[in-house]
Amino acid sequence: MTTALQTIQPSEYDIIRDQAQALVKTGVLPPAIKTPEQALAIILTGRELGIPAMAALNTINVIQGKPTVSPQLMLALIERAGQLEDIEILTGEDYVQFTMQR
């Protein structure tokens with residue numbers, strides 16, 4: 001993944017917008033994604049993170065109007081970065097604790 005600012009060509013934007021419209025019509029997206037504009041925002045957020053459209057739509061949630069990555073996607077991005085050496089997940093009745101070592 002690059003840290004350089006990604007640009008999008010108008011033709012690419014049109015394709016992504018059309019995908020978002022078609023996907024919303026299918027009814028297979030998470031129920032919180034109700035409009036093509038919401039789907040488009042999530043797809044573009046995923047694109048900036050190097051996440052394919054369908055993965056983004058299923059792992060990026062809109063919370064208080066902001067696209068937010070799910071814990072599963074966060075962990076996958078950390079793993080992909082190659083910075084995760086070890087992880088321990090302790091579960092209890094009211095908590096989940098992650099311990100990461102580099």
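**A walk from the core outwards**

In this predicted model, the largest nonpolar core is made up of 15 residues, and those that have the most contacts inside it are L29, I33, A39, I42 and L57. Helices α1, α2, α3 (53-59) and α4 each supply at least two residues of this core, and the largest share, four residues, comes from α2. As a general background, nonpolar side chains in soluble globular proteins tend to be buried together.

A39 offers a convenient place from which to look around this core. Once its neighbours within four places in sequence are left aside, A39 is in contact with A20, V24, L29, I33 and L57. A39 also belongs to the residues of α2 that take part in the meeting of α1 with α2, and A20 and V24 are among their counterparts in α1.

That meeting of two helices deserves a slower look. Helix α1 covers residues 10-26 and helix α2 covers residues 36-49, and the two pack at an angle of about 125 degrees, with their axes 8 Å apart. Because of that angle, α1 counts as oblique to α2, and the crossing in which α1 passes α2 is right-handed. On the side of α1, the residues involved are E12, Y13, I16, R17, A20, Q21 and V24, while on the side of α2 they are P36, A39, L40, I43, L44 and R47. Sorted by character, the residues of this contact divide into nine nonpolar, one polar and three charged.

With this pair of helices in mind, the reader can place them within the whole chain. The secondary structure of the protein chain comes to four helices and four strands, and, read along the sequence, these elements follow the pattern α-α-α-β-β-α-β-β.

Between β2 (66-69) and α4 (71-81) there is a loop, and S70 is found in it. Is S70 buried or exposed? The relative accessibility of S70 is 6%, and since buried means under 20%, S70 counts as buried. Leaving aside its neighbours within four places in sequence, S70 is in contact with T59 and N61.

Two values for the chain as a whole complete the picture. Of the 102 residues of the protein chain, 18% count as buried. Among the contacts in the chain between residues at least 6 apart in sequence, 29% join residues that are at least 24 apart.

How values were computed: Residues are numbered from 1 along each chain as its sequence is written. This is a predicted model: local features need pLDDT of at least 70, side-chain atom pairs count only at pLDDT 80 or more; totals for chains, interfaces and linings use all residues. Side-chain values use heavy atoms; hydrogens and water are left out. Axes are lines fitted to C-alpha atoms, for helices over the stretch in contact, and angles run from 0 to 180 degrees between N-to-C directions. Angles under 35 degrees count as roughly parallel, over 145 as roughly antiparallel, 65 to 115 as roughly perpendicular and the rest as oblique. A crossing is left-handed if the near helix is turned anticlockwise from the far one by less than a right angle, and right-handed if clockwise. Contact means heavy atoms within 4.5 Å. Ala, Val, Leu, Ile, Met, Phe, Trp, Tyr, Cys and Pro count as nonpolar, Asp, Glu, Lys and Arg as charged, and the others, Gly among them, as polar. Buried means under 20% relative accessible area, exposed over 50%, partly exposed in between (1.4 Å probe, protein chains only). A nonpolar core is a set of buried Ala, Val, Leu, Ile, Met, Phe, Trp, Tyr and Cys residues joined through side-chain atoms within 4.5 Å.
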